[in-house]
Amino acid sequence: MIVRRRRGILRTSKNVDIIVCLKRVPDTGARVEIEGTGVREEGLDWVLNPYDEFGVEEALKIKAAHGGKVTVITAGAPGGEDVLRKALAMGVDEAVYIKDAGLKGADDHGVSRVLAKAISRTPFDLILCGKQSTDAQAGYVGGALAGLLGIPLVSAIRELKISGKSFEAGREVEGGVETVEATLPAVLTAEKGLNEPRYPALAGIMRAKKQEIKYLDLPSLGINPEELENPLKRVSLTYPSIERKGKVLNADSGSIKEFAGFIKSII
Ligand SMILES: Cc1cc2nc3c(=O)[nH]c(=O)nc-3n(C[C@H](O)[C@H](O)[C@H](O)COP(=O)(O)OP(=O)(O)OC[C@H]3O[C@@H](n4cnc5c(N)ncnc54)[C@H](O)[C@@H]3O)c2cc1C
């Protein structure tokens, strides 16, 4: 058996310990109301960021093939328990919630720093994030984690093959698929099409209700909330402008010709 030593922990080369980052986002069908420079959170339906579901599914597939432990982590928003329990119901082993009011108003880098601090305390081989969140859509956190932890990033993957300490990942690029190779530990961000996320079974949902969630806060991570001061300030948040252009046609032969021409132009 081949063994390697990392951060003082002796482990077999086969196991792949994975951390999956999860974000709670408004359901894409939900009516989002702007309040000041933010979003009114009360009354919204929240879901697990769909790109993170691909991350959880991939982690579970890797665990089934190679062994290891899958831990999910979320930071910030109230109600994070729901997304953690969804992942527990899908079959992950452990759930960590960094819950601290000091995270309110934190920008992308602040959130990434807090996640990196918590993750750096846990032995891991692989970090999986979504390619982006479906609400703020910065596509920032995965890359920032790789930078802060000093490990490689492969973004927006649609294929993954792990073999021992190495992996091969396929990314869709303009007109083709780019395949890259690197060694673990690394951060990978999941693109749609990586897999088909499973639906949690009823037994999994029942089990997840009782599973323990580990809570962390900024002091327990040795972070002073004042250190999270944003380099970015959100100046405004507005609805997209909808331009409605209408044209009234009369029921004469000229208008019918014009209408037929319009239909032709759009099909
Ligand atoms: C000035 C400013 C103020 C803000 N104030 C608030 C606020 O008060 N409340 C608020 O909710 N948001 C706030 N935000 C947004 C918040 O900073 C971002 O949502 C967050 O940093 C992640 O960025 P993103 O959603 O674009 O994720 P992306 O970078 O697009 O996400 C990619 C992936 O990273 C992971 N990820 C992202 N966020 C988290 C998370 N929190 N925990 C675990 N994994 C995660 C997921 O895997 C996700 O799929 C603010 C942003 C700015 C710039």
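**Helix packing and the ligand shell**

Helices α2 and α5 are oblique to each other, because angles that are neither under 35 degrees, over 145 nor from 65 to 115 count as oblique. In this predicted model, the axes of α2 (residues 80–90) and α5 (residues 202–210) cross at roughly 130° and come within 7 Å. The crossing of α2 past α5 is right-handed. On the α2 side the contact is made by R85, L88, A89 and M90, and on the α5 side by G204, I205, A208 and K209. By class, the residues of this contact divide into five nonpolar, one polar and two charged.

A second helix pair, α3 and α4, can be described in a similar way. Their axes lie 9 Å apart and the helices pack at an angle of about 50°, which makes α3 oblique to α4. This crossing, too, is right-handed. From α3, the contact draws on D108, H109, V111, S112, R113, L115, A116 and I119, and these meet V141, A144, L145, L148 and L149 of α4. Nine nonpolar, two polar and two charged residues make up the contact of α3 with α4.

Helix α4 deserves a further look. Its buried residues are V141, G142, A144, L145, A146 and L149. The elements that cover these buried residues include α3 and β10, along with the strands β3 (18–21), β11 (153–163) and β14 (186–190). Just after α4, the backbone at G150 takes a positive phi of about 70°.

Both α3 and α4 also take part in the surroundings of the ligand. The shell around the ligand receives at least two residues from each of α1 (50–66), β8 (70–75), α3 (108–119), β10 (126–130) and α4 (141–149). In total, 35 residues surround the ligand, and the closest are G130, S133, A136, A138 and V141. V141 is thus a handy residue to follow through the model: V141 is among the closest to the ligand, is one of the buried residues of α4, and belongs to the contact with α3. By class, the shell has 15 nonpolar, twelve polar and eight charged residues.

Finally, some figures for the chain as a whole. The secondary structure comes to six helices and 15 strands. Of the 267 residues in the chain, 31% are buried. Among contacts with a separation of 6 or more, 71% join residues 24 or more positions apart. The C-alpha trace spans about 85 × 45 × 40 Å along its principal axes.

Technical notes. Residues numbered from 1 in each chain as written. Predicted model: local features only at pLDDT ≥ 70, side-chain atom pairs only at ≥ 80, totals over all residues. Near = placed C-beta within 6 Å. Helix = DSSP H or I, 4+ residues; strand = E, 2+ residues; numbered from the N terminus. Nonpolar A, V, L, I, M, F, W, Y, C, P; charged D, E, K, R; others polar. Axes fitted to C-alpha atoms, helices over the stretch in contact; angles between N-to-C directions. Left-handed = near helix turned anticlockwise from the far one by under 90°. Contact = placed C-beta atoms within 7 Å. Buried ≥ 20, exposed ≤ 12 C-beta atoms within 10 Å, placed from the backbone.
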